[in-house]
Amino acid sequence: MNIKIQGLSKRFARDNYVIKKIDFFDNVHSLAVIGPSGGGKSTLLRMLGGLIIPTDGEIYFDEEEIIFKERELQKYRKKIGFVFQQGGLFSHMSAFDNIMVPLINVHGYEIKKAKERTLELLERFGLSSDGYKKPAHLSGGQQQRVAIARAIAAKPKLLLLDEPTSALDPEYTTEVLDVIEELKEDGIDFIIVTHEMGFARHACETVAFLYGGELLEYGMSSEVFSKPRTKELEFFLSRLLEWNV
């Protein structure tokens, strides 16, 4: 997907800018957004998803500008799949209904087709025997697989994932990252905010490094990780590697 960002900024208080005049242009297929906590990563992703309105600037997807007015945003959000840090599943619904109900009520699927699509996704993600379970009775990894299935059910143009493994044990983290890698192999374009540097480096084509609300570095993953151009990224990576076995 072709993404163009011009002068994008977001502040929540008078002088408290979380995102500072970001400019960006590229054809994105698999992009990892990395950086220290508080650097604006999730805020940027939510603006891309039409969930937060920018203070200034413009965003274009495939040369079509996002219009930040509620009626237009409702249409736009239907084109985007979004996975939150802890899934955001409806706690009173089964895994099956978490996937099927939005297909019917939001995307206008016929009930029969919605059921078929839901069963297809549950089988694909190894959840066929767990479709009747509510989120509280699923493991963290299973919950995130349901959330990803729901996000891609209507075949969005772009999938956005906001630290989907942040609350998971290592076993479930690997489980979820494997699913995302499969989606990449299927040709689904995605942007992921992540602290999993191995995944960002080896599974994502490009990487963006946000620091203090600014886009300090962007490029091919192999280049960004092996040859950081700024002292901020060099320090960030060195701290992450300090305690690695």
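**Exercise 1. Find the partner of Arg117 in its salt bridge and give the closest N to O distance.**

Step 1. Arg117 forms a salt bridge with Glu120, and their closest N and O atoms are 2.8 Å apart. A salt bridge here is a side-chain nitrogen of Lys or Arg within 4 Å of a carboxyl oxygen of Asp or Glu. The model is predicted: local features need pLDDT of at least 70, side-chain atom pairs count only at pLDDT 80 or more, and totals for chains, interfaces and linings use all residues. Residues are numbered from 1 along each chain as its sequence is written, and side-chain values use heavy atoms, with hydrogens and water left out.

Step 2. Both residues lie in helix α4 (residues 111-124), three residues apart, which is about one turn of the helix. Helices (H or I, at least four residues) and strands (E, at least two) are DSSP runs, numbered from the N terminus.

Step 3. Arg117 is buried at 11% relative accessibility, whereas Glu120 is partly exposed at 45%. Buried means under 20% relative accessible area, exposed over 50%, and partly exposed in between (1.4 Å probe, protein chains only).

**Exercise 2. Describe the salt bridge of Arg229 and Glu217, and say where each residue lies.**

Step 1. The side chains of Arg229 and Glu217 form a salt bridge with an N to O distance of 3.9 Å.

Step 2. Arg229 is in the loop between α8 (221-226) and α9 (231-241), and Glu217 is in strand β10 (residues 214-220), so the pair ties together parts twelve residues apart in sequence.

Step 3. Arg229 counts as exposed, at 59% relative accessibility. Glu217 counts as buried, at 1%.

**Exercise 3. State how many salt bridges the structure holds, then locate the one between Lys79 and Glu64.**

Step 1. There are ten salt bridges in the structure.

Step 2. In one of them, the side chains of Lys79 and Glu64 meet at 3.5 Å, N to O. This pair links distant parts of the chain: Lys79 sits in the loop between α2 (70-77) and β6 (80-83), Glu64 in strand β5 (residues 64-65), and the two are 15 residues apart.

Step 3. Lys79 is partly exposed, with a relative accessible area of 33%. Glu64 is also partly exposed, at 45% relative accessibility.

**Exercise 4. Describe how helices α5 and α6 pack.**

Step 1. Two packed helices are described by the angle between their axes and the distance between the axes. For α5 (residues 140-152) and α6 (residues 170-185), the angle is about 20° and the axes are 8 Å apart. Axes are lines fitted to C-alpha atoms, for helices over the stretch in contact, and angles run from 0 to 180 degrees between N-to-C directions.

Step 2. The helices α5 and α6 are therefore roughly parallel (angles under 35 degrees count as roughly parallel, over 145 as roughly antiparallel, 65 to 115 as roughly perpendicular and the rest as oblique).

Step 3. Residues in the contact include Ile148 and Ile152 of α5 and Val176, Val179 and Leu183 of α6. Contact means heavy atoms within 4.5 Å.

**Exercise 5. Decide whether Asp162 is buried or exposed, and list its contacts beyond its neighbours within four places in sequence.**

Step 1. Asp162 lies in strand β7 (residues 158-162). Asp162 counts as buried, because its relative accessibility is 0%.

Step 2. With neighbours within four places in sequence left aside, Asp162 is in contact with Ser42, Leu45, Arg46, Phe82, Val83, Phe84, Gln85 and Val193.
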